[in-house]
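Hi everyone, thanks for coming along. Please take a look at the sequence and the structure on the screen, and I'll walk you through a few places in it.

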Amino acid sequence: MPYDLSDKLVIGISSRALFDLEVENAIYDQQGVDAYAQYQRDHENDPLQPGTAFPLVKALLQLNELIADRRLVEVVVISRNTPDTGLRAFNAIAAHKIDISRAAFTGGGPTAPYLQAFKIDLFLSRDTGDVQEAIDAGVAAAQLYAAPLDYSAPDKQIRIAFDGDAVLFSAESERIFAEKGLEAFARHEQRHRKKAMKEGPFAKLLLALSAIQKQFPPAQCPVRIAIVTARNSPAHQRVIHTLRTWNVTVDEAFFLGGLNKAEVLQAFGAHMFFDDQEGHVQKAAVVVPSGRVPYKGGTLEGARVARVRAGKSGTP
C-alpha cells in the first residue's frame, strides 16, 4: 500500500541545513566538484556536527512519539548531492539516531521541481538560489543563517516564531510601506483593520502547525507559536482579525514597533525564527536559529533598497 504524505507535516531539508558542512561547502566553492566529492568519500564515516535546523528537526520528529500509531511529521532530505556524496549525510543521520529515511539527491540539478512531488510543506536550505526557486514555486522556504553559538534548544516544547508581513501574511501591506512610506502604510492598515490579509508564503505552514496543536489539550501542547512583528498599535488590529478569520490562535504575539526582535526571540526560546528582512534575521541569528524568507521573484526588496537610499528608511 503506498505511503501517504498528504496528512502529515512534511519538512524538506538540505544536508547542509541539517548538519554543519561549511568546511565541505568551502571545498566545493574553492576547489570544485571533484575535490568535494573525493573529500566526502574520504570522510563519509566521520561524524558531522548539528547544523542550524538540527534542533528543530529533532524536536519535530519527536512529535511522532506522542500519539500512538500516528505520524504527524516526516522529514525528507532534499539535496543537490549525488547519491554517492549523499551517503555521508545518511551515515550522520544514523549516527545521530534521527528518524529520517527518505531523500532526493539531484546530482547538481535544481531541487525545486521535486518539492511538490514529496508534498513538502517547508523547505530549509543554506543555499539562496534553491530557496528562491522554492518560494517562486509556491513552497514555504527559508535560507538558514549559521547556527548561533552556545544555543540551547528548549527540552519539552517546540517553539517557532514568525514575522508577519511577507511571511505569514501577503506582502501587500509591506509593499505599500516600501513604495509610499510609513504614514501611507498606517493609513492603509487602519482603513482595513477588520479585513483579513491574504495568505503569505508561510500561511499554510502556520495552519498545519495549528492543526497539530489541536491534537493535544492546550495545557499539554508540545508546539508553541509566536508572531514577532515590527507592527505596533493600531496596526496590530489587522493581525488579530486575520488570525480570527483563519481560525488560528497563536500562543504569543509581540508588536515591537521597531524594537530589536533578537532579545524577544531569545526570551521566547525559538527553535526557529522566520523573517523576510535580512537585518532582522542577521540580528536574530546570533541568539536563535533563523531563516530569511525571500519575496516571490525577489522584487519587493528592490523597492525597500530604493527608499533607504533615498533617505526614507523605516519599518512597518
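Let's begin with Asp165, which counts as buried because its relative accessible area is 3%, and buried means under 20%. Keep in mind as we go that this is a predicted model. Asp165 sits in the loop between β6 and α7. Which side chain joins that of Asp165 in a polar contact of 2.7 Å? The side chain of Arg231 does. Setting aside residues up to four places away in sequence, Asp165 also touches Ser170, Ser173, Glu174, Met197 and Asp276, along with Arg231.

Now step back to β6, the strand that comes before that loop. β6 covers residues 158–162, and five of its five residues are buried. Please look at the two faces of this strand. Ile158, Ile160 and Phe162 are on one side, Arg159 and Ala161 are on the other, and both faces are covered.

Which strands does β6 pair with? One of them is β7, residues 223–229, with five bridges in the parallel sense. There, Ile160 of β6 has Ile225 as its bridge partner. Another is β9, residues 272–275, again in the parallel sense, over three bridges. Here the bridge partner of Phe162 is Phe274.

Hold on to those two phenylalanines, please, as they come up again in the nonpolar core. In soluble globular proteins, nonpolar side chains tend to be buried together. In this model the largest nonpolar core has 68 residues, and the members that touch the most others are Leu124, Phe162, Phe202 and Phe274. Helix α4, residues 54–61, gives this core its largest share, six residues. There is also a second, separate core of 13 residues, with Ala226, Val264, Ala270 and Ala284 among them.

Let me zoom in on Leu124. Leaving out neighbours within four places in sequence, its contacts include Ile11, Ile13, Ala53, Leu56, Leu144 and Phe274.

Right beside Leu124 in the numbering comes Ser125, found in strand β4, residues 122–125. Is Ser125 buried or exposed? Ser125 is buried, because its relative accessibility is 3%. A polar atom of the Ser125 side chain lies 3.0 Å from the backbone nitrogen of Asp127. Further along the chain, Ser125 and Ser15 are 110 residues apart, yet their C-alpha atoms are separated by 8.0 Å. Beyond its neighbours within four places in sequence, Ser125 is in contact with Ser14, Ala17, Asp130, Val131, Ala142, Gln143 and Leu144.

On to the helices. α2, residues 22–31, and α3, residues 33–42, have axes that come within 7 Å and cross at roughly 150°. Angles over 145 count as roughly antiparallel, so that is how α2 runs relative to α3. On the α2 side the contact is made by Val23, Glu24, Ile27, Tyr28 and Gln31, and on the α3 side by Val33, Ala35, Tyr36, Tyr39 and Gln40.

My last stop is α10, residues 236–246, where the buried residues are Arg238, Val239, His241, Thr242, Leu243 and Trp246. What covers them? The cover includes the helices α7, α8 and α9, as well as the strands β7 and β8. So we meet two familiar elements here: α7, from the far end of the Asp165 loop, and β7, the parallel partner of β6. Just after α10 comes Asn247, which has a positive phi, near 60°.

That's my tour, so thank you for listening!

Technical notes. Residues are numbered from 1 along each chain as its sequence is written. This is a predicted model: local features need pLDDT of at least 70, side-chain atom pairs count only at pLDDT 80 or more; totals for chains, interfaces and linings use all residues. Side-chain values use heavy atoms; hydrogens and water are left out. Buried means under 20% relative accessible area, exposed over 50%, partly exposed in between (1.4 Å probe, protein chains only). Helices (H or I, at least four residues) and strands (E, at least two) are DSSP runs, numbered from the N terminus. Two strands pair if DSSP finds at least two bridges between them. Contact means heavy atoms within 4.5 Å. A polar contact is a pair of N or O atoms within 3.5 Å; within protein, one must be able to donate a hydrogen and the other to accept it, and residues adjacent in sequence count only if both atoms are side-chain atoms. A nonpolar core is a set of buried Ala, Val, Leu, Ile, Met, Phe, Trp, Tyr and Cys residues joined through side-chain atoms within 4.5 Å. Axes are lines fitted to C-alpha atoms, for helices over the stretch in contact, and angles run from 0 to 180 degrees between N-to-C directions. Angles under 35 degrees count as roughly parallel, over 145 as roughly antiparallel, 65 to 115 as roughly perpendicular and the rest as oblique.
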